[in-house]
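Reader: I've got a model open on my screen and I'd like to learn how to read it. Can we go through it feature by feature?

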Amino acid sequence: MISLTMKKKKKTTTTNQTHKPTKPISQIIFLILLSLLSCVNSLRVKPPPPLPILPLPSARQLQWQLGNMALFLHFGPNTFTDSEWGTGDADPSVFNPTNFDPTQWVRVAKDSGFSRVILTTKHHDGFCLWPSEYTDYSVKSSPWRNGSGDVVAELANAARDAGIGLGLYLSPWDRHDVSYGKTLEYNEFYMGQMTELLTGYGEIKEVWLDGAKGEGEKDMEYFFDSWFSLIHQLQPGAVIFSDAGPDTRWIGDEAGVAESTCWSLFNRSDAQIGGTDPQYSRGGDPVGHDWVPAECDVSIRPGWFWHASEAPKSARNLLDIYYKSIGRNCLLLLNVPPNSSGLISAEDITVLQEFSDLRRSIFSYNLAINAFVNASSTRGGIYDSRFDPHNVLKENIYTYWAPEENQIDWVLYLNLQELLSFNVLQVQEPIHMGQRVIEFHLEILNKNGKWKNVINGTTVGYQRLLQFPTVKSQYLRFVINKSRADPLISYFGIYMDQGSIVSNNISDTSSRTHFNSSQILRQMTYNHSQIDSL
């Protein structure tokens, strides 16, 4: 009886319980392994970022480079006398813009995508657009604003209100002042005027100098080192432009075009203001010790000052310059001179708007934005998102893909998820880590299942844009052939330029860079017969 009772109780108890389905053993094991793997990954010591490679940009140089484009404003007596290089003899009374409106200048610059404006506060004629205490040859001797006007002040206020940067050009060559030619006296005069400009108008983003001087002019020495020290003392955030830096250099021509190979690396000791080899300036120096990126200056019109008889370049012409300046690791400085009424001319504004529309139609959408991205290797492995290859689709130079160290392959693979047509490539490096890439190329998988080379390139830097005949593919691979150190890529984009007409030449390496074994710190050995899985 006891045994029977116990069995019945057991049966009754079992009957009253709710039935719960049990997980298969394989699923439980999988979950346990996944949990263990997660614990192991959380305990892994992450590698630090790769070592930067010298030279590196300063904070002010980085900010300058991120600005992409600046607007140059040549304005002064030459505007009213139909001249380019004034003699310094023009009567101040000629300067009298009747509709002067720097707010319009700034609005045009901002609407057209320019990050700063740079004004010729004094050109070679010596006429000052501010009421300098060191000369009467200025706006205070003109009828404009009854002699109480200040172009620099009004432009500074307009730029500040609009939230764009202000730069100033102060010509070293002065054809009016009697002190010019007397080395000590003129350097004191020049530094006095520079101090006025850098202490009276708020924050200055750029100070622009050049070595222009006509033949047969008085011979004298400019104390450039003293000028540079003064500028950085009074405006620590300002970059200084000249033929030889120290912060940014002239590209070597006034066409706005850089070499296809363009390094931000440079040797300032090999350059002299007013006497630098243009070829050296255009390409930079792959073994240079200084970081001195290039600025490409060009005018929207044939002249630098406004002339009624001249017409602006076309928007398509400006876009071609854009590809060959910004697209070659430079900043574009486009001169748009105000006219004699004190306004930017309507025809210039129309071209700038068309130029903006063209850029927007091409670069507003990265066709690779939804791509699956893989790499030949990733620093820290696939679980370290800091260096993940998908970072190349984020518009930020401070995030990037980094490969593992000591690799023989440096390749990014992209699956666009659909067949797409494109004819423009954009690549960027995280330049705060140094400029690295020497040579690269882009390939597509064609309809026959074979890799086809689309375009070769040299140097990337802050930004590289390459055009090529339109291709169509779903699968891409971006291959870095040579690099100064393990390459780092911060952005990769492909675009369609509907108006582009490009020959079938797949090379954009008109200026080859040659290195010996000691100069290349890392070089990839790439096997073209290898077809990696995408």
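Author: Let's begin with one side chain: Asn187 counts as buried, at 1% relative accessibility. Keep in mind that this is a predicted model.

Reader: Which helix does Asn187 lie in, and what does its side chain make a polar contact with?

Author: Asn187 belongs to helix α7, residues 183-199. Its side chain makes a polar contact with the side chain of Trp227, at 3.1 Å. Leaving out residues up to four places away in sequence, Asn187 touches Met220, Glu221, Tyr222, Phe223 and Trp227.

Reader: Now Ile321: is it buried or exposed?

Author: The cut-off for buried is under 20% relative accessible area. Ile321 has 6%, so it is buried. You'll find Ile321 in helix α10, residues 315-323.

Reader: Which residues does Ile321 touch, not counting those up to four places away in sequence?

Author: Ile321 touches Ala255, Gly256, Val298, Lys313 and Leu332. For a sense of how the chain folds back, take Ile321 and Ala258: they are 63 residues apart along the chain, while their C-alpha atoms are separated by 9.1 Å.

Reader: What about a whole helix? Which residues of α5 are buried?

Author: Helix α5 covers residues 102-111, and its buried residues are Pro102, Gln104, Trp105, Val106, Val108 and Ala109. Those buried residues pack against two strands, β1 (69-73) and β2 (116-122), and two helices, α6 (151-162) and α11.

Reader: And the ends of α5? What is found at the start, and what follows the helix?

Author: At the start, a side-chain oxygen of Asp101 comes to within 3.1 Å of the backbone nitrogen of Thr103. After α5 comes Gly113, with a positive phi near 90°.

Reader: Let's move on to pockets. How does one find where empty space is left?

Author: The general idea is to roll a probe the size of a water molecule over the atoms, which shows where empty space is left. In this model, the largest pocket has a volume of about 440 Å³. It is lined by 22 residues, and the closest to its centre are Phe363, Glu395, Gln426, Gln463 and Tyr495. Three elements give two or more residues to that lining: α11 (346-363), β12 (411-428) and β16 (491-495). Of these, α11 gives the most, with 3 residues.

Reader: How many residues of each class are in the lining of the largest pocket?

Author: Count 11 nonpolar, 8 polar and 3 charged residues in that lining.

Reader: And which residues lie nearest the centre of the second largest pocket?

Author: Look for His124, Trp208, Asp210, Ala212 and Glu254, out of the 19 residues that line the second largest pocket. Its volume is about 350 Å³. By class, the lining of this second pocket divides into 9 nonpolar, 5 polar and 5 charged residues.

Reader: Zooming out, how many helices and strands does the protein chain have?

Author: There are 11 helices and 18 strands. Buried residues account for 55% of the 534 residues in the protein chain. As for contacts between residues at least 6 apart in sequence, 78% of them join residues at least 24 apart.

Reader: What does the accessible surface of the chain come to?

Author: About 23,700 Å², and 52% of that belongs to carbon and sulfur atoms.

How values were computed:
Residues are numbered from 1 along each chain as its sequence is written. This is a predicted model: local features need pLDDT of at least 70, side-chain atom pairs count only at pLDDT 80 or more; totals for chains, interfaces and linings use all residues. Side-chain values use heavy atoms; hydrogens and water are left out. On a 1 Å grid over the protein atoms alone, a cavity is a set of points where a 1.4 Å probe fits but cannot get out, and a pocket is an open set with protein on both sides within 12 Å along at least five of seven lines; lining residues have an atom within 4 Å of a point. Grid points are joined across faces, edges and corners, and a volume is the space filled by probe spheres set on the points. Helices (H or I, at least four residues) and strands (E, at least two) are DSSP runs, numbered from the N terminus. Ala, Val, Leu, Ile, Met, Phe, Trp, Tyr, Cys and Pro count as nonpolar, Asp, Glu, Lys and Arg as charged, and the others, Gly among them, as polar. Buried means under 20% relative accessible area, exposed over 50%, partly exposed in between (1.4 Å probe, protein chains only). Contact means heavy atoms within 4.5 Å. Accessible areas come from the Shrake-Rupley method with a 1.4 Å probe; for residues, only the protein chains shown count as cover. A polar contact is a pair of N or O atoms within 3.5 Å; within protein, one must be able to donate a hydrogen and the other to accept it, and residues adjacent in sequence count only if both atoms are side-chain atoms.
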